[in-house]
Amino acid sequence: MTFTVYSTLAKQVQEFRSLEPALVRMYNCGPTVYSRPHIGNFRAFLFADTLRRWLEYRGFEVRQVMNITDVGHLTDDDRDEGEDKIEARARREKLDPWQISRDIAALFLKDIEDLGVRPALAYPRATDHIPEMLEIIDGLIAKGYAYQVGGNVYYDVAKFERYGKLSGNKVAELDAGARVDVREDKRHPADFALWKSDPQHIMKWSTRFGPDGFPGWHIECSAMARKLLGDRLDIHTGGEDNIFPHHECEIAQSEGAFAGDFVRYWMHARFLQVDGGKMSKSLGNLYTVGQLEQMGHPPIALRFALIRSHYRQVLNFTLDGLRQSAADVRRLRLFAAELQDSSARGSPAALPPSWVREATAKFDAGMNDDLNASAALDGVFSLLNEANRVKARGDDAAAALAALRRMDRVLGLLEQAPASVDAEVEALIAARNAARAARDFSTADSLRAKLANMGIELLDGKDGVKWRRTGVKT
């Protein structure tokens, strides 16, 4: 079955074809680690994870790289006069910018682990790739695409005829709309910084351009992508806010330096709204994974809430919707447990029942249609409904369970917790059993509640206590 994706560059849905058979090179724009990423950021990161999972489901080897921007990202992204976000926080709060970036990067990596994101091949940090950036900058200067003014180096957008091909922006229109306070050392208001010089900057490097230099934002991704994936990529993703100027500038840099197309398919996730409006600190709705977890919303529920709609539609996030996603995860996990019990020693038949085949076909068709997750989920829930309607047992239940687990390789909702967590559950159950045997029912009830709060459901029966993971706090 053909897999199609929407190409931001082509402005249309296209059949996906990798540059090399069975191999996909994919680069994802990651976080700028000046503050803990919020759920709007994670919509783009989870879109990348879903895409990677679907490609692997289809049999591709995916070499996925997601960068960590730990220097050079501007507060006002379309101006070279803005202040580096990490340095801005460091000055405001009198902190070490290097420590800020390390601490926030650690939080980010914990958050994606909690959300069930499969680890990328690498999470390169900009500060570890300064030599690679300088190599590209030197090449651009030599080819006439860049020019040096004092300690600053700018990309000359007028020299790259295809500038604007991703976003649709034209150089002449950018000139007409330029601000009056644009830097006077630029040849054109739209020229962007590849390297900057500022004696006051804390994070800086000594180079042939001077002793106080640091990279512009855009050059970082071109350098890290090339170092880890090569000059040509199959897919490059990000949020829609990355289209311009960031991804437009990446194209100009990489194609100016190395000729040929940099990326085959540019893919972008739409914005996340909260309660129908924009996220902001002043409104108190700029949620992080940790904040939602403290409010009693487990990361697995957030994962489902952020992947269940089409990535090219604006998603409106609400706490009620998050609670519904939690309930749906619980429903699916209980369904998997029931199928496990109902299958007994059954095994999937060579030809599953028609309702299993139809549900799987719905799921595959939805995902093949530009990752239409909402359509794919119709297949998941039709499997659940039909299994309950026919009261699937034995081989039929085994076939349904196999299909559900196959779908979950993409969704990531049923994946098991580490063995250390299972050991903790068993220890709490043993403590509860001991409390019940001692007729200490208050302690027993307290331990049951703690297990429920961990997303563990206990099933007391004549053969003892069994448990199953719902993954959702009760």
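## Close-up views of a predicted model

At 0% relative accessibility, Asp49 counts as buried. This residue is taken up again in the first two legends below, and the model shown throughout is a predicted one.

**Figure 1. A salt bridge within helix H1 joins Asp49 and Arg53.** The closest N and O atoms of this pair are 2.9 Å apart. Asp49 and Arg53 are 4 residues apart in helix H1, which means that about one helical turn separates them. Arg53 has a relative accessibility of 1% and therefore counts as buried, as the limit for that class is under 20%. Side chains of opposite charge can pair when their charged atoms come close.

**Figure 2. Asp49 also meets Arg303 in a salt bridge.** The N to O distance here is 2.9 Å. Asp49 belongs to helix H1 and Arg303 to helix H9 (residues 299-307), so this pair ties together parts of the chain that lie 254 residues apart in sequence. Arg303, at 0% relative accessibility, counts as buried.

**Figure 3. Glu56 and Arg52 form a salt bridge in helix H1.** Their closest N and O atoms are 2.8 Å apart. The two residues are 4 residues apart in the helix, so about one helical turn lies between them. Glu56 is partly exposed, with a relative accessible area of 22%, whereas Arg52 counts as buried at 10% relative accessibility.

**Figure 4. A network of salt bridges links Arg162, Lys165, Glu255 and Asp261.** Two basic residues, Arg162 and Lys165, and two acidic residues, Glu255 and Asp261, take part in this network. The structure as a whole holds 28 salt bridges.

**Figure 5. Phe363 and Leu383 touch the most other members of the largest nonpolar core.** This core comprises 122 residues. Helix H1 (residues 39-57) gives the most to the core, contributing 10 residues. In soluble globular proteins, nonpolar side chains tend to be buried together.

**Figure 6. The surroundings of Leu383 include Phe335 and Trp355.** When neighbours within four places in sequence are left aside, Leu383 is also in contact with Val356, Ala359, Ala400, Ala403, Leu404 and Met407.

**Figure 7. Another core of 7 residues lies apart from the largest one.** Among its members are Leu428, Leu447, Ile456 and Leu458.

Technical notes: Residues are numbered from 1 along each chain as its sequence is written. This is a predicted model: local features need pLDDT of at least 70, side-chain atom pairs count only at pLDDT 80 or more; totals for chains, interfaces and linings use all residues. Side-chain values use heavy atoms; hydrogens and water are left out. A nonpolar core is a set of buried Ala, Val, Leu, Ile, Met, Phe, Trp, Tyr and Cys residues joined through side-chain atoms within 4.5 Å. Buried means under 20% relative accessible area, exposed over 50%, partly exposed in between (1.4 Å probe, protein chains only). Contact means heavy atoms within 4.5 Å. A salt bridge is a side-chain nitrogen of Lys or Arg within 4 Å of a carboxyl oxygen of Asp or Glu.
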